Amino acid sequence: MNYSGVIYRYWEYLPLSRDIEVTTLLEGNTPLIEADNLRRELGAPCKIFLKFEGTNPTGSFKDRGMTVAITKAVLDKAEAVICASTGNTSASAAAYAAKAGLKAFVVLPKGKTAIGKLAQALIYGAKVIEIEGNFDDALRIVREIGEKTKVVIVNSINPYRIEGQKTASFEIIETLGSAPTHHSLPVGNAGNITAYWKGYVEWAARHGTSLPKMLGFQAEGAAPIVRGKVVKKPETVATAIRIGNPASWKQAVQSLGESDGRIDIVTDRQILSAQGLIASTEGIFCEPASASSVAGLKKLIRRNYFTQKDTVVCTLTGNGLKDPDTAARDVPPPLKAKPHLSDVLRLMKLK
Ligand code: AN7
């Protein structure tokens with residue numbers, strides 16, 4: 001098949017006409033992997049599938065929304081775009097802006113952006129501004145810039161981002177032949193859970209498919225939706241979801257309610273443990289935030305939430321290579337040997 005990215009693939013579901021110039025890096029079409037080893041390890045009664053978004057061009061799900069947002073910005077003759085970001089949005093915005101020939105500004109929380117993401121934003125040529133504050137501060141400033149200047153905001157408060165991100169639901173239904181019974185996601189700014197639900201609802205309206213229950217997971221130190229109040233100083237090892245005042249808070253709560261889903265907390269320890277388990281059982285290296293979807297799944301399996309009839313999809317939102325420091329910190333270090341056969345063999349402990 002001649003694949004041309006999510007806009008061409010799902011044009012009739014998007015608010016764009018056919019005759020426009022599209023900015024794409026051939027995002028989407030990501031693998032949906034059945035995770036039988038993980039299922040066994042977790043003692044799950046249900047089927048588990050992992051939607052690995054780390055294979056997108058910039059290594060995260062953000063590219064699905066960014067192709068639509070940047071295509072629209074070009075259509076509207078924008079000269080520059082801006083976003084606040086915990087890292088992935090900035091990498092994606094910078095890449096698509098580069099492809100479209102637009103100027104990009106990104107505002108990041110200083111010292112809290114994974115090194116791979118920061119390197120991406122810089123090498124794609126964005127103007128990177130680090131603030132002494134968190135993501136919520138950055139988004140507040142970006143919103144004001146959007147009101148006071150002509151620079152186009154490409155955070156998920158831009159509805160074209162959500163439109164693009166909903167295509168992941170379409171791919172899942174097309175691959176499985178039906179919707180899963182449950183869909184598990186990490187929740188930060190809450191745009192993605194909103195987008196997935198929109199996708200499932202719209203596909204159901206046209207094709208009569210069923211709807212999943214949406215399951216969202218926030219990190220313990222950054223769980224405003226679970227706690228029902230803004231977290232002033234969010235903290236978590238999963239820096240991608242280190243967000244205390246999500247922009248799509250209301251929409252996420254609505255999605256959870258309409259789908260009869262639930263939102264819960266996972267600890268940093270549970271997140272890192274799930275990240276290791278996904279890697280060592282399924283050969284998939286995702287970033288910490290992404291692993292919270294599986295950490296949450298584990299928590300619900302323990303509470304006998306699922307049955308044999310269920311099929312659960314967990315979205316692994318980003319690639320582990322973006323944040324190698326965190327991964328390397330949490331595993332045993334390499335063994336050290338002298339440059340001799342005997343010493344290496346000794347360490348291999350073959351019988
Ligand atoms: C890997 O890049 O908010 O709930 O600024 O990078 O839609 O925010 C990233 C969020 C999950 C949460 N997994 O998604 C940003 C940013 C990864 C992420 C989320 C993010 P939303």
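Let's start with two strands: β3 (residues 80-84) and β4 (residues 103-109) run in the parallel sense and pair over 5 bridges. Across this pairing, Ile82 stands opposite Phe105 in β4. Keep in mind as you look around that this is a predicted model.

The two strands belong to an open sheet of 4 strands, with parallel pairing and the order β5-β4-β3-β6. At its edges lie β5 (127-131) and β6 (152-153), each of which pairs on one side only. Strands of a sheet pair through backbone hydrogen bonds, either parallel or antiparallel.

Now let's turn to the nonpolar cores. The largest one has 32 residues, and within it Leu50 and Val294 touch the most other members. Several elements each supply at least two residues of this core: the helices α2 (36-42), α12 (268-282) and α13 (288-302), and the strands β2 (47-52), β8 (213-219) and β10 (311-316). Helix α13 gives the largest share, 7 residues. To see how Val294 fits in, set aside its neighbours within four places in sequence: Val294 is then in contact with Leu38, Leu42, Leu50, Ala274, Ile278, Cys314 and Leu316. There is also a second, separate core of 28 residues, which includes Leu16, Ala69, Ala94 and Ala104.

Charged side chains make links too, and the structure holds 20 salt bridges. Here are three of them:

| Salt bridge | Closest N and O atoms |
|---|---|
| Glu287 with Lys117 | 2.7 Å |
| Arg140 with Asp137 | 3.4 Å |
| Lys198 with Glu202 | 2.6 Å |

What does the pair of Glu287 and Lys117 tie together? Glu287 lies in the loop between α12 and α13, while Lys117 lies in helix α5 (residues 115-123), so their salt bridge ties together parts that are 170 residues apart in sequence. Glu287 is buried, with a relative accessible area of 3%, and Lys117 is buried as well, at 0%.

The other two pairs each stay within a helix. Arg140 and Asp137 are 3 residues apart in helix α6 (residues 135-148), about one turn of the helix. Arg140 is partly exposed at 45% relative accessibility, and Asp137 is partly exposed at 25%. Lys198 and Glu202 are 4 residues apart in helix α9 (residues 191-207), again about one turn. Lys198 is partly exposed at 28%, as is Glu202 at 23%. Elsewhere, salt bridges that share partners join Lys51, Glu53, Arg64 and Glu171 into one network.

Finally, look at the surface. Leu341, Val344, Leu345, Met348 and Leu350 make a nonpolar patch of about 510 Å². One of them, Leu345, is found in helix α15 (residues 341-348) and is partly exposed, with a relative accessible area of 42%.

Methods
Residues numbered from 1 in each chain as written. Predicted model: local features only at pLDDT ≥ 70, side-chain atom pairs only at ≥ 80, totals over all residues. Heavy atoms only, no water. Patch = residues over 30% accessible without salt bridge, like charges linked within 9 Å, V, L, I, M, F, W, Y side chains within 5 Å. Areas by Shrake-Rupley, 256 points an atom, 1.4 Å probe, with all protein chains shown as cover. Salt bridge = Lys/Arg side-chain N within 4 Å of Asp/Glu carboxyl O. Buried < 20%, exposed > 50% of the residue type's maximum accessible area, 1.4 Å probe, protein only. Core = buried A, V, L, I, M, F, W, Y, C linked by side-chain atoms within 4.5 Å. Contact = heavy atoms within 4.5 Å. Pairing = 2+ DSSP bridges.
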